Amino acid sequence: FFYFVPFLADLVRGLNSPDPAVRDKAIAETEKRLRAQETGEEEESKTTVNRTLINTRASVRGYGFLAMLEKDAKERAEQRKRNERLANALKEKGNEAFRKGDYVTAIQRYTEGLEKLKDKQELYTNRAQAYLKMQEYEKAIGDCEWALKCNEKYIKAYFLMGKAHLALKHYSESRQCYEKILQIDPQKERLFKDCMNEVNLEEKRTEDEERAMKEVQSGKLAALSIKELLEKLSRPGQNILYYTGGIRLLTGAVKDCTEQTLFRTNNGFSILKDNEVVRRGFCAERKNTAEMDLSVSLLLLWQAVCVGNEENQRLLLTHHDVNVQLPKLLSSGVSEIQKETLALIALYSENENGRRLLVRHQDLTKWLQILMMFVNSADARAGSAMSVLSDLAEDDRFKAQCCVMLSTGALPLFTRLLTSAKLVNQAALARCIGIMGNLCADAAIRMQMAQSEECWQACLKLLDEHFDVSTPTYQECVFAVLGLMMNLLLESNVTIQYLAVGISSRCMPLLGDKDGRIVTRAIGVLSRVLPASSLAVEEAVKGGVVKKMIKFLKAGGQIASNYAMKTLSVCTRSNRQAQEDLVKSDKRFSVLLKLLDSENEMIVGNAAFCLGQCLAVPGAATSLLNSNVVMILLKHAGGDATRTSVQENAAIALGKLCVAEPRHNSQLQKLNGLAILNSSMKYVHSI
């Protein structure tokens, strides 16, 4: 029997394996060893002189023992399957109780499940969640530790353990748990940042409250006045003017973080919930003068207690009445209320954590439309609203909410504002257009806007009026709308194809504008709209677009050159007149040859393409005989540019050049370029 001891552990593991191939291999190995043992015993009996009685049934009993082990392993596997089913059933019962808020029953079911299967990690973390709800944080940490013994990379266990440590004010330990999550999965960076931010806020809140308590205990006058004022405001049955005055006094008393903390710890945010007079006045649909004053006073107070204090910002937005009233106050039409509401919201929108709170607690689907309405305001509200909107536009979750009602709410309003550009606050409109252009970074928003013919027509109307209104603010609107159009032209649809001629015809006059920014964007729009319509190309060529692009290329602006070169490549691709115009405008291709030496691969690729297209014009190839064009094209055809279009276009142009004017072949031979050209011919589909 002891012969089998050295490999007994491996044997048991093999027989317990769920893989049939592994089990069969274990049995085969066992039989092999038994046969070897039996043969060895026979040889030993022939050569050794001793009187030991040899048990000829040993191998039979050995095999029986192994069979018994295999049977036991199978029984264990079957038992585990039964336990797995029971544990899963108990887990589901626990989950159901958890969803109902019956955490005691949930813990009991998870515990029963663990009695069936002690290494089921989900049961430990589910029970830990229930313990967190019961505020039994030490037990939650213990369960997370057991889950990590089952799986040391179990992210949920570290997440819940971090929550438990945070509740116990173990800030360092909580951070360590969240850092472990990021180590295990770097893709969880957003979760990591949110969790670390929660720890930082909680630690700061605790420190602030401890500091505030010390000031109260020391008898500091400012600290005591906050408490006294809140006590006076809690008196019931007073008239609305009493509460308005008290709120204004309280606002004046809040000077720093200590007073902000005391306001919070003395239930200052309960003013709205506990005082019926205050709540009724703040929530009134049609406010009288006293209710307006009360609402403005509350907004000023909340600004004072929330500025720079993220815990107070969070608490304010957890109040139902505040959440409901904010969009109503923005739409109230009362300038003072709107002004202070925008100022309060700006405290949130100007930083990432504040925006996260707004997105979490507010339904922002209508906010794009509400804030856009302020473009009609002639005062500072317009600028404040655009600042808030600009901040919110940076948040992807806000963009997702904007999509919900874009086509039925914000987009029709935006279209009306564009068509009324002469009548609205043009500085605010320019910012609004820029914000909409930035929102187009979201593919869903861009697609909806690009499909709207009304939106396109409104943009064109604004451009049409450009020559009637020459104010600086209107210039900014033109600049912004061209940027918006460039972004929308990243889409390709029937609306753009239908309007391509109209869009390009509006851009052509802008090429002579005094504002270089407008000129650059007008060229950019042309470079993106002309590929949508051959008719648009034809009209642009008739309008002298090629000559104008050569002029801009000579001027040498990097961005404008990029757009101009793209425009020329689009025009010369299939338009013979454009090819001839380029040959006439660019004598001996001096501009194109210069651009072929550019460090910008996009410009080089387009320049090589244009050159190749223009070589079909009689005499074009001959005009290049005394130039270094062969060497330049050869360098790019055999080069290692990141964009393969550079090699492709250069090879095609070189091939066309040698076909159109065979005398270039001698230069090619001198440069030993035939091999390079031959290797590049894979790019040449047709010359």
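## Histidine 636, helix α33 and the largest pocket

The side chain of histidine 636 reaches the backbone oxygen of leucine 596 at 2.6 Å. Such a polar contact is a pair of N or O atoms within 3.5 Å; within protein, one must be able to donate a hydrogen and the other to accept it, and residues adjacent in sequence count only if both atoms are side-chain atoms. Histidine 636 sits in helix α36 (residues 629-637). It is buried, with a relative accessible area of 13%. Buried means under 20% relative accessible area, exposed over 50%, and partly exposed in between (1.4 Å probe, protein chains only). Beyond residues up to four places away in sequence, histidine 636 touches Leu596, Val604, Val646, Gln647 and Ala650. Contact here means heavy atoms within 4.5 Å.

This is a predicted model: local features need pLDDT of at least 70, side-chain atom pairs count only at pLDDT 80 or more, and totals for chains, interfaces and linings use all residues. Residues are numbered from 1 along each chain as its sequence is written, and side-chain values use heavy atoms, with hydrogens and water left out.

**Overall build.** The protein has 39 helices and 0 strands. Helices (H or I, at least four residues) and strands (E, at least two) are DSSP runs, numbered from the N terminus. Of the 687 residues, 49% are buried. Among contacts with a separation of 6 or more, 69% join residues 24 or more positions apart.

**Helix α33.** Which residues of α33 (residues 576-585) are buried? They are Ala578, Gln579, Asp581 and Leu582. Seen down the axis of α33, these fall within an arc of 165°, so they line one face of the helix. The arc is that of the directions from the helix axis to the C-beta atoms. An α-helix has 3.6 residues a turn, so residues three or four places apart point the same way. The buried residues of α33 pack against α30 (534-542), α31 (545-555), α32 (558-574), α34 (590-595) and α35 (601-614). At the start of α33, a side-chain oxygen of asparagine 575 comes to within 3.1 Å of the backbone nitrogen of glutamine 577.

**The largest pocket.** Its volume is about 510 Å³. Of its 20 lining residues, the closest to the centre are Asn197, Glu198, Leu201, Arg314 and Arg360. On a 1 Å grid over the protein atoms alone, a pocket is an open set of points where a 1.4 Å probe fits, with protein on both sides within 12 Å along at least five of seven lines; lining residues have an atom within 4 Å of a point. Helix α9 gives the largest share of the lining, 7 residues. At least two residues each come from α7 (155-167), α9 (189-217), α16 (310-317) and α19 (352-361). The lining divides into 7 nonpolar, 2 polar and 11 charged residues.

**Loop and helix positions.** Four residues are set out below.

| Residue | Location | Relative accessible area |
|---|---|---|
| Glutamine 135 | loop between α5 (121-133) and α6 (137-150) | 59%, exposed |
| Threonine 318 | loop between α16 and α17 | 41%, partly exposed |
| Valine 324 | helix α17 (residues 320-330) | 30%, partly exposed |
| Arginine 588 | loop between α33 and α34 | 58%, exposed |

Glutamine 135 has a positive phi of about 65° although it is not a glycine. Arginine 588 has a positive phi of about 55°, and is not a glycine either. Valine 324 and glutamine 362 are 38 residues apart along the chain, with C-alpha atoms separated by 8.3 Å. Threonine 318 and leucine 357 are 39 residues apart in sequence and 9.5 Å apart, C-alpha to C-alpha. Leaving aside neighbours within four places in sequence, threonine 318 is in contact with Asn323 and His361.

Definitions and conventions. Grid points are joined across faces, edges and corners, and a volume is the space filled by probe spheres set on the points. Ala, Val, Leu, Ile, Met, Phe, Trp, Tyr, Cys and Pro count as nonpolar, Asp, Glu, Lys and Arg as charged, and the others, Gly among them, as polar.
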